[in-house]
Amino acid sequence: MAVTIKSPREIELMRKAGEILASVHEELAKALHPGMTTMDIDRLGEKLIRSHGCIPSFKNYNGYPGSICVSVNDEVVHGIPSRTRVLKEGDIVSLDAGVIYKGYHSDAARTWGIGQVSSEAEKLMEVTRQSFFEGIRFAKAGNHLNDISSAIQQYAEHFGYGVVRDLVGHGIGTHLHEDPEVPNFAMKRKGILLQPGMTLAIEPMINAGRPDVNWMDDGWTVVTDDHSLSAHYENTILITEGEPEILSLPAFGKE
């Protein structure tokens, strides 16, 4: 699959998908509290997505059973919602969600603290979020993909954190995963030349400890090898003639 350049009509549909996904994340964040299960989050997320006339991107994607990936503490990504996994005070939880609006996907992730969390956890979440913004400073036409990847890695590693190598971001559009792959770490090659109309899901996955990860027996849940905390922050962005547009964070830059 080649990297696709989206038409103005396609961009408008992806912009709407992003707005909907942003509102879903806002509602999920408000609902989080100690005592709720990860299945509770999934059910609410699916209800919110469908209430906007959208389809959850992840539901049954390659066999994934949920609508929201709910990953707790040392779980990096792809945690499967469970009726028996109960959130408790001090946990951090990464919510990864996608919507399909009129055939077009948007994909975004946020990591939140449950109640009062440690200063270590707060710092990890903030650095992971900021590493995304450090990366997209370079998400401009004329730059190369590796400019984004290198900036994310440099920022996160400055704090002594591990940048996950086994998972990467991706292009997005009529498919959830399109070319190109978008690593969060420097590559030997410059990568593709960024052009207006490209849409990318950029998603730093940052560990408090080493970058190494393992897959659990369920075939989906990815955990840190050293059981350190992990955070995940993702948005769908549009490359423009100027500054990138964050499609899944429409309030950004408008405040």
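The legends below describe close-up views of a predicted model.

**Figure 1. Overall view of the protein chain, with four helices and 15 strands.** The radius of gyration is 17 Å, close to the 18 Å that the globule rule gives for 255 residues, so the protein chain is as compact as a globular protein of that length. The C-alpha trace spans about 45 × 40 × 40 Å along its principal axes. Of the 255 residues, 55% are buried. Among contacts with a separation of 6 or more, 70% are between residues 24 or more positions apart. The exposed surface of the protein chain is about 11,100 Å², and carbon and sulfur atoms supply 51% of that area.

**Figure 2. The open sheet of five strands, in the order β8-β7-β9-β14-β15.** Pairing in this sheet is antiparallel. The edges are taken by β8 (178-182) and β15 (245-246); each has a single partner strand, so one side of each is left without a neighbour in the sheet. Strands β7 (residues 169-171) and β9 (residues 199-202) are joined by two bridges in the antiparallel sense. One residue to locate here is His170, whose bridge partner in β9 is Ala201. Helix α4 (residues 145-158) lies across β8 and β9, and runs at about 20 degrees to β9.

**Figure 3. Strand β14 (residues 235-238) and its two sides.** Asn235 and Ile237 point one way from the strand, whereas Thr236 and Leu238 point the other way. These four residues are all buried, that is, under 20% relative accessible area. Four bridges pair β14 with β9 in the antiparallel sense, and Asn235 of β14 is the bridge partner of Ile202. With β15, β14 pairs over two bridges, again in the antiparallel sense. There the bridge partner of Leu238 is Glu245. β14 and β15 form a hairpin, and six residues lie between the two strands.

**Figure 4. The salt bridge between Glu178 and Lys6.** The structure holds 13 salt bridges. In the pair shown, the closest N and O atoms of Glu178 and Lys6 are 3.6 Å apart. The two residues belong to distant parts of the chain: Glu178 is in strand β8 and Lys6 in the segment before α1 (8-31), a distance of 172 residues in sequence. Glu178 and Lys6 are both buried. On the side of Glu178, the strand concerned, β8, is an edge strand of the sheet in Figure 2.

**Figure 5. Glu46 with two salt-bridge partners, Arg50 and Lys59.** The side chains of Glu46 and Arg50 meet at 2.9 Å, N to O. Both residues are in helix α2 (residues 38-51), and because they are four residues apart, about one helical turn separates them. The second partner, Lys59, has its closest N atom 3.1 Å from an O atom of Glu46. Lys59 lies in the loop between β1 (55-56) and β2 (68-72), while Glu46 is in helix α2, so this pair ties together parts that are 13 residues apart in sequence. Glu46 counts as buried because its relative accessibility is 16%, under the 20% limit. Arg50, at 41%, counts as partly exposed, and Lys59 is likewise partly exposed at 29%. Elsewhere, salt bridges that share partners join Glu12, Arg15 and Glu245 into one network. Glu245 of that network is also the residue of β15 that has Leu238 as its bridge partner.

**Figure 6. The surroundings of Val24 in helix α1.** Val24 has a relative accessible area of 1% and is therefore buried. Leaving aside neighbours within four places in sequence, the residues in contact with Val24 are Gly45, Leu48, Ile49 and His52. Val24 and Leu48 are 24 residues apart along the chain, and their C-alpha atoms are separated by 6.1 Å. Helix α2, shown in Figure 5, covers residues 38-51.

Methods:
Residues numbered from 1 in each chain as written. Predicted model: local features only at pLDDT ≥ 70, side-chain atom pairs only at ≥ 80, totals over all residues. Heavy atoms only, no water. Pairing = 2+ DSSP bridges. Contact = heavy atoms within 4.5 Å. Axes fitted to C-alpha atoms, helices over the stretch in contact; angles between N-to-C directions. Rg over C-alpha atoms; globule rule 2.2 N^0.38 Å. Buried < 20%, exposed > 50% of the residue type's maximum accessible area, 1.4 Å probe, protein only. Areas by Shrake-Rupley, 256 points an atom, 1.4 Å probe, with all protein chains shown as cover. Salt bridge = Lys/Arg side-chain N within 4 Å of Asp/Glu carboxyl O.
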